[in-house]
Each structure stands twice: as structure tokens, then as C-alpha cells.
Amino acid sequence: MSNIAPIPAIGTAAESLDAVRAARLGAAALLGLAPGSYARDHAAFELLSDQRGLIAKHLTGKLAGMGDGPISVLSVGCGDGSLDARLAAGLVRAVPGRPVRYVGVDPWPGSAELFTAKMAAVGSGELSVDAYVASFLDSPVDETFDVVMFVHSMYYVADVGATLRAALDLLRPGGELWVAIAPSAALNALVGVLAPPLEGHRQWFSADIEKAFVGAGIAFDDVVTLDALVDLTAATDEVLDFAVQARLTSELHGPVQAYLDAVSVPGADGGLRVPHPVDVFCTRSLTRRARSGSVLP
């Protein structure tokens with residue numbers, strides 16, 4: 001996609017990435033991130049980034065364009081609910097008295113509990129909330145929605161095409177499917193080198209999502225790129241681990257930091273930041289598809 005930022009083509013960045021590859025040559029796969037610490041490390045990472053705010057602003061604008069009637073949202077990979085609580089609160093404030101239905105799905109019980117607590121803190125009697133501890137394709141969700149969204153959760157699914165089709169099955173007529181996922185740009189070049197396989201596959205990025213849309217015969221309306229930056233200059237080891245989606249060994253810290261220095265750009269305050277854009281795909285359903293694949297009027 002033309003709007004996806006490429007990996008910086010400067011020599012020092014390419015050389016630094018090669019040094020990371022060389023440090024991994026012939027070595028066993030690194031350990032992955034444990035579910036129990038994933039949410040904590042993710043939250044610490046987000047404090048150093050402006051991306052969540054950009055996503056919240058963009059999705060709030062999209063929700064505002066969906067009218068003032070009752071609305072229902074399914075958040076797949078809801079995590080601790082930090083983003084969803086902002087969106088739900090915005091929906092409640094925008095149209096007082098409007099029924100809002102919000103469902104979260106996450107495979108880790110700890111995240112589902114945090115999601116439920118944050119949504120309860122929104123404190124509106126018009127907001128109905130449920131959470132399911134499950135992977136998306138195994139979830140017991142049996143209702144349809146105005147919005148089904150995957151925000152930074154499509155990386156981990158086993159079959160992107162099957163996941164997209166199942167998500168469309170859950171859309172009401174005129175409903176929208178949103179997929180927010182990072183391209184394999186500067187930061188995620190490290191993920192491609194360092195992250196261990198996930199259930200037999202690597203993490204997917206936005207080019208994989210585009211390919212899956214096309215392969216499944218699903219047209220997407222647009223892709224919007226949000227150009228986020230993250231300050232990793234003084235990140236803890238745990239935040240660096242989250243950034244590369246693997247537990248770094250001591251000998252990798254030097255090469256990884258050299259690469260991050262090489263791809264960093266000045267932020268608004270003049271401090272160095274690592275670009276980590278996110279692409280937001282959107283597709284709309286004109287009809288409601290049954291789980292069998294037939295089309296209902």
C-alpha cells in the first residue's frame with residue numbers, strides 16, 4: 001500500500017538490522033511474552049507513545065458518523081479496556097439516553113477482568129457490557145453488531161481470511177469491520193527478526209491483512225495510516241521486550257538499541273522518537289451473512 005511507511009533506507013539502519021540478524025544466526029528462538037505480564041508491559045509501552053490517542057480520536061470520529069440510534073460494538077482482543085472505555089464513554093456522552101451495547105473478547109482472563117472493570121467505571125445505565133474469555137473463532141458470541149473491530153489483535157490469529165469472514169458474519173446490515181494493525185515498518189522490522197512464531201505462524205502485519213482481504217474476495221473501503229511515535233530512549237527492559245514481542249537476551253540489548261537509534265526521528269519536542277504507524281482498514285456490510293455463508297436479506 002502506498003501509504004505505508006517503508007523501513008528507513010539509511011545505511012546505518014540497514015547495517016544495524018543486519019547486526020541484529022547476525023546476533024540471532026543459528027540461535028534458538030527467543031521466549032515469547034507471557035500473558036500475565038503482557039497487559040502490564042503493553043500499558044507501560046503506551047505511556048511512551050501517542051498512538052493510542054490517535055486511534056481513539058480516529059475511531060471516535062468514525063463512531064460519530066454512524067448516527068444517533070442504538071449502537072453495538074464487538075471489540076476483539078479488547079485487552080484491558082483502556083481504548084474501549086474511552087470509546088464507550090464518548091458514545092454515551094454524544095447521545096444521552098442512547099442504548100450502547102459493548103462486548104469484549106480476549107483469550108486472557110486477566111485482560112477480560114480489567115476490561116469489565118474499566119467499562120463499569122464508565123458508569124452509565126445505558127451501557128450494556130459483556131466480556132468473553134476466548135479466542136475469536138472459539139468465542140460464544142451469538143449476536144450481531146454495528147461495529148466489529150480488531151485493534152492490534154489481528155497479529156495473532158491463525159487464519160486471517162477465516163477471521164475476516166467470521167467477523168463479517170457478525171455485522172448487521174450497514175455495519176462496519178475495522179482492523180487496526182501495524183505495517184512492517186521501522187519498529188516491526190525488529191519483530192520480524194526477533195519474535196518467536198505464534199502457533200506455527202509469524203505475526204501478521206498490514207500487508208498480510210490486505211492480501212487476506214483480496215484473497216477472501218472482500219473489498220475494503222479505505223485504509224487510513226496514523227503516524228504515531230514512541231519514545232524508547234529510556235525504556236525499561238520490559239518495554240523493549242514488548243516493543244519487539246520477545247524476551248531479549250543480554251547480548252541483544254546493544255544491537256537492538258543501536259537499530260532503534262538509527263531509525264529514530266525528532267519528535268515535536270526535539271527528542272528522538274521511533275516511528276510506529278498503524279493502518280486502519282474499514283469495510284462495510286450491505287447484507288447480513290449467516291455463519292453458513294449464505295446471504296440473508
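Select Cys282 to begin: in this predicted model, the residue has 1% relative accessibility and therefore counts as buried, since the cut-off is under 20%. Next, select Cys78, which has 8% relative accessibility, so that this cysteine also counts as buried. A disulfide is a covalent bond between the sulfur atoms of two cysteines. In this structure, the count of disulfides is zero.

Now proceed to the strands. Select β7 (229–230), β8 (265–266) and β9 (residues 272–275). These three strands make an open sheet, and their order across it is β7-β9-β8, with antiparallel pairing. At the edges lie β7 and β8, each of which pairs on one side only. To examine one pairing in detail, keep β7 and β9 in view: two bridges join these antiparallel strands. Then select Val230 together with Val274 of β9, for these two residues stand opposite each other.

The next stop is helix α9, residues 237–244. How many of its eight residues are buried? Six of them are, and the helix is accordingly described as mostly covered. Select Val239, Leu240, Asp241, Phe242, Ala243 and Val244 to display these buried residues.

With that selection still visible, add three further helices: α2 (35–47), α7 (186–194) and α10 (250–263). The buried residues of α9 pack against these helices.

Finally, move just past the end of α9 and select Gln245. Its backbone is the point of interest here: Gln245 takes a positive phi of about 60°.

Note on methods: Residues numbered from 1 in each chain as written. Predicted model: local features only at pLDDT ≥ 70, side-chain atom pairs only at ≥ 80, totals over all residues. Heavy atoms only, no water. Disulfide = S-S within 2.5 Å. Buried < 20%, exposed > 50% of the residue type's maximum accessible area, 1.4 Å probe, protein only. Pairing = 2+ DSSP bridges. Helix = DSSP H or I, 4+ residues; strand = E, 2+ residues; numbered from the N terminus. Contact = heavy atoms within 4.5 Å.
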